Amino acid sequence: MTAQMNRRSLLGLGASLGISVSFLGSQAFAASEGDLAKKKLVVVICRGGMDGLSVSPPVGDPDYAALRGSIAMKPEQVLKLDDTFGLHPELKAVHALALKGEARIAPAIASPDRARSHFEAQDVLETGASGVYGADTGWLNRTLEALAPIRKVEGLSVGATAPLILRGKVQAASWSPGKGVDETARLPTLLQDLYRSDPLLGPAFARGLETETMAQQAMTAMAATPAMNEMAASTPAMAQPAGMSSTMANDRQNRAGSEAARKLGSTLGGFMIQAGGPQIAAISLDGFDTHAGQPGQIATRLSYMDAVLDGLHTGLGAEWKNTVVIAVTEFGRTARVNGTGGTDHGTASTGLILGGALKRGGIVGDWPTLKETALFENRDTAPTVDMRGLFKGVLADHMAVDRALLESKIFPDSAGAKPVAGLV
Amino acid sequence: MMAALAVTRFGLGARPGEIDAARSDPQGSITAQIQRSGADKPVDDADTAAQRFTWIRDYQDARSTERALNNAGGSERAPSTLMDTRLQLRDKIQNDFLARARLGANTPAAFRERWALFWANHFTVSSTKQITFAMIGPFEREAIRPNVFNSFENLLVASSTHPAMLTYLDQASSIGPNSRAAGRRGGKGLNENLAREILELHTVGVDAGYRQADVTEFARALTGFSVGRDNEDRAGQFVFRDNAHEPGARTIMGRRYAEADIKQGWAVLKDLAADPRTAHHVCSKIARHFVSDTPPQTLTARLEKRWMDTGGDLAEVAKALVESPEAWDPTPAKFKTPYEFTLSTWRLIGAQPSAYDRIAPILTGLGQKPFSPPSPKGWAEDAQTWASPDGLIKRMQWAQGMAAAVADRTDPNALAVSALGERLTPAVAKAVSRAETRREAFALLVMSPEFQRR
């Protein structure tokens, strides 16, 4: 199978899973920056309000079973982490990493937003502001902006639409699998002329063309490796009949979806290890809004997430040791099961922190417990960690971003969110 | 210039001759499209939501039976029948979408269609559940299109009581914790999804100052709003389940609702429709959709005033939009969504998509998969989302493919004039006229900043 066909199948893959990928690139600083140029950060945004009590069920918490009722998991069903927590049975790869000290949970993490609105909370997560409308640019983009005078970092986003976390003054590139650009056509050059004085289309199109060139090189290089050939040879199983939603998929298709997600993760990993490849990536996973019939839905979504993370781990190969991955959601869900076998919008959820760069350790942040008096507004898991603190800690300790810039430019008004220290 | 704006900004892009036809009375050409009876219906199988509901239930039952047989190690299954059903269902859904796209590509009343698309997106129903997916076409035909020039209250009630919305946002199975049904069905109870999204997205908006308690109280008021099951007379239709309704008075945003049964939910919807915060929230959205991602405050104010003066008469609000000078600013500020972009390309050549597969892959590739907005908020409509580097590359590739298929039979210079009228700039006219081939000229026109915007 050619690289081009493989990329085409990936396009269908991302769309059918509701997955889009974005990454930021740092161009060839290996010589001058040494180890710093090898550090990699991946942010996974789980959209829809991911239920933390399903991601890492606190089966050892005495109040868990009663609150969760019909959707509670039994201690023997979960993948054990410690006396209190397990992981959802679909998070097999994450669990294997956790046993090696390369995955940890933050079981009560939240953004500073408390409105329980998906859209407001996702904005706050992506802008890094202290409240909604606090900023109109993304904190990853401001990271690039803050780093620009120190070391030139390029932005690259892969996916059909531009995520807020990457929007801002720095023109982030974007890419998704497609047909490639016919380099013999005059059209791209003519369009660049036509867009010359267009502040929106000019920079965006130029960046798109650059990225296509780089992506074609990367895909060609990857197609030459045995691992990539093996992946390419497997069936393009993500292809569901057009017009059928993923929920029409049966178990067999769910497994195929997981394989597709794994392939997406390993492809991203493959990009990140290219010379001049991206150092920072963001992936979106949709479909976590589980108001009814939650157990089946979340199992499918978590199996996809596990597969993406597993693929990323494989694709990064030896570079896994230089990597930190953070998976967060805009808010958690109610501690109690609702009337339709699901949960409604809540507050704190579980964040996952993974990577070979991670130090071994227990849970990140305190566990507030599920005692009735401990619940936030007698309803949700109470937050003990502000996710901006996690982001700040990882940017400072892993990516070596200047602390003063973190406080002033990237996460303004976040003095109350202490950087989480000692993760790497 | 007014004629070009009438057709490209308020419509879906010019078909050949359309700008000329609007020249004598640009505003009148739009207001003439406003009609009480609502927006046009796509030409499709005209299945009702109830028929689709029954269809899906039969299919799901057949699948369960098949599974049970297989698990019992029983006879060889007969997969062909089930697969046939599944393919038929897929065809129906795809035909719903294709029929809508063809209406958009063909209609001379393109403002009417844009207005309908705006409301379908405002009251988003997405493909996340199989049962909902099959009812999206009927939802637009039954709840949205007939009501888009009606009162907002009627539109809100039609949306909030349609089986597609009731299943999409889980209202159909929400049960009052102290209702009679709760006693019989252990573990069943409240689901606040629809109540929250009506407040946040459909009516007053997230800044309106309501609290969690208001959401929960509204969810209690809505208990009983449901969909008839297969063994009931009204299978697949709206039903009010008295025995699932939470008894007692409710207090929502400081107002007390003592009404009984279905009248309680209705009373709340009526008040929400009349709330000035709803007028503000929805009129801001209309201004953003039609005019600019950051519309002038004066425009929003005009729309709001007409809304409040007429009790939310959407025909009047549409007229107010057309009569607003801000809406005729000659600088095009809106970047077309993928759906608008592809439809306007078909309109440019006076054609329509011949098959679902002629339109679905490009929309999916550009991030606007048919009938699958990512959340109840619907599709984004801002340039920042859609004018991504990758999005522009994908548009260019598609324009090249379209050019290869159709451009050899066109006169690109004439197309540029018929597509953009007075909006055609010298730079674009020159680029088109200097192109080496018809295909190159066609792709340049479609990708020009002027054609990409409206």
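Where in chain B is B:Met253 found? Keep that in mind; we'll get there after a look around. One thing before you start clicking: this is a predicted model.

**Stop 1: chain A, coloured by pLDDT**

Select chain A and colour by confidence. Its mean pLDDT is 82, with 78% of the residues at 70 or more. Now pick out two stretches. Over residues 23-32 of chain A, pLDDT stays under 50, and the model has 43 contacts beyond four places in sequence for that run. Residues 224-250 of chain A also stay under 50 in pLDDT, and there the model has 58 such contacts.

**Stop 2: chain B as a whole**

Switch to chain B in cartoon view. You should find 25 helices and 4 strands. The radius of gyration of chain B is 24 Å, close to the 22 Å that the globule rule gives for 454 residues, so chain B is as compact as a globular protein of that length. Turn the C-alpha trace along its principal axes and it spans about 75 × 65 × 35 Å. Colour by accessibility next: 61% of the 454 residues of chain B count as buried. If you draw contacts between residues at least 6 apart in sequence, 74% of those in chain B join residues at least 24 apart.

**Stop 3: helix H13 of chain B**

Select residues 212-222 of chain B, which make up helix H13. The helix is mostly covered, with 9 of its 11 residues buried. Show side chains for the buried ones, among them B:Asp214, B:Glu217, B:Phe218 and B:Leu222. What do the buried residues of H13(B) pack against? Add helix H12 (193-202), strand S1 (225-227), S3 and helix H14 (261-274) of chain B to the view, and you have the partners. Then step off the end of the helix: B:Gly224 follows H13(B), and its phi is positive, near 105°.

**Stop 4: two residues with unusual backbone angles**

Most residues other than glycine have a negative phi. Here are two that don't.

Back to the opening question: select B:Met253, and you are in the loop between strand S3 (250-252) and strand S4 (255-257) of chain B. B:Met253 has a positive phi of about 50°, although it is not a glycine. With 23% relative accessibility, B:Met253 counts as partly exposed.

Next, go to B:Phe371, in the loop between helix H19 (360-365) and helix H20 (383-386) of chain B. Its phi is near 60°, again a positive value in a residue other than glycine. Is B:Phe371 buried or exposed? Its relative accessibility is 7%, and under 20% means buried, so B:Phe371 counts as buried.

**Stop 5: the largest cavity**

Finish by turning on cavities. The structure holds 10 of 30 Å³ or more, and about 350 Å³ of space lies in the largest one. To find that cavity, select B:Arg100, B:Leu117, B:Asn121, B:Gln368 and B:Trp379, the closest to its centre of the 24 residues that line it.

Now show the helices around it. H5 (79-106), H6 (110-122), H8 (136-144) and H18 (338-348) of chain B each supply at least two residues of the lining. Which helix gives the largest share of the lining of the largest cavity? H6(B) does, with 4 residues. Last, colour the lining by residue class, and you'll see 13 nonpolar, 5 polar and 6 charged residues.

Conventions:
Residues are numbered from 1 along each chain as its sequence is written. Chains are lettered from A and ligands numbered from 1 in the order in which they are written. This is a predicted model: local features need pLDDT of at least 70, side-chain atom pairs count only at pLDDT 80 or more; totals for chains, interfaces and linings use all residues. Side-chain values use heavy atoms; hydrogens and water are left out. On a 1 Å grid over the protein atoms alone, a cavity is a set of points where a 1.4 Å probe fits but cannot get out, and a pocket is an open set with protein on both sides within 12 Å along at least five of seven lines; lining residues have an atom within 4 Å of a point. Grid points are joined across faces, edges and corners, and a volume is the space filled by probe spheres set on the points. Ala, Val, Leu, Ile, Met, Phe, Trp, Tyr, Cys and Pro count as nonpolar, Asp, Glu, Lys and Arg as charged, and the others, Gly among them, as polar. pLDDT is the predictor's confidence in each residue, from 0 to 100. Contact means heavy atoms within 4.5 Å. The radius of gyration is taken over C-alpha atoms; the globule rule is 2.2 Å times the number of residues to the power 0.38. Buried means under 20% relative accessible area, exposed over 50%, partly exposed in between (1.4 Å probe, protein chains only).
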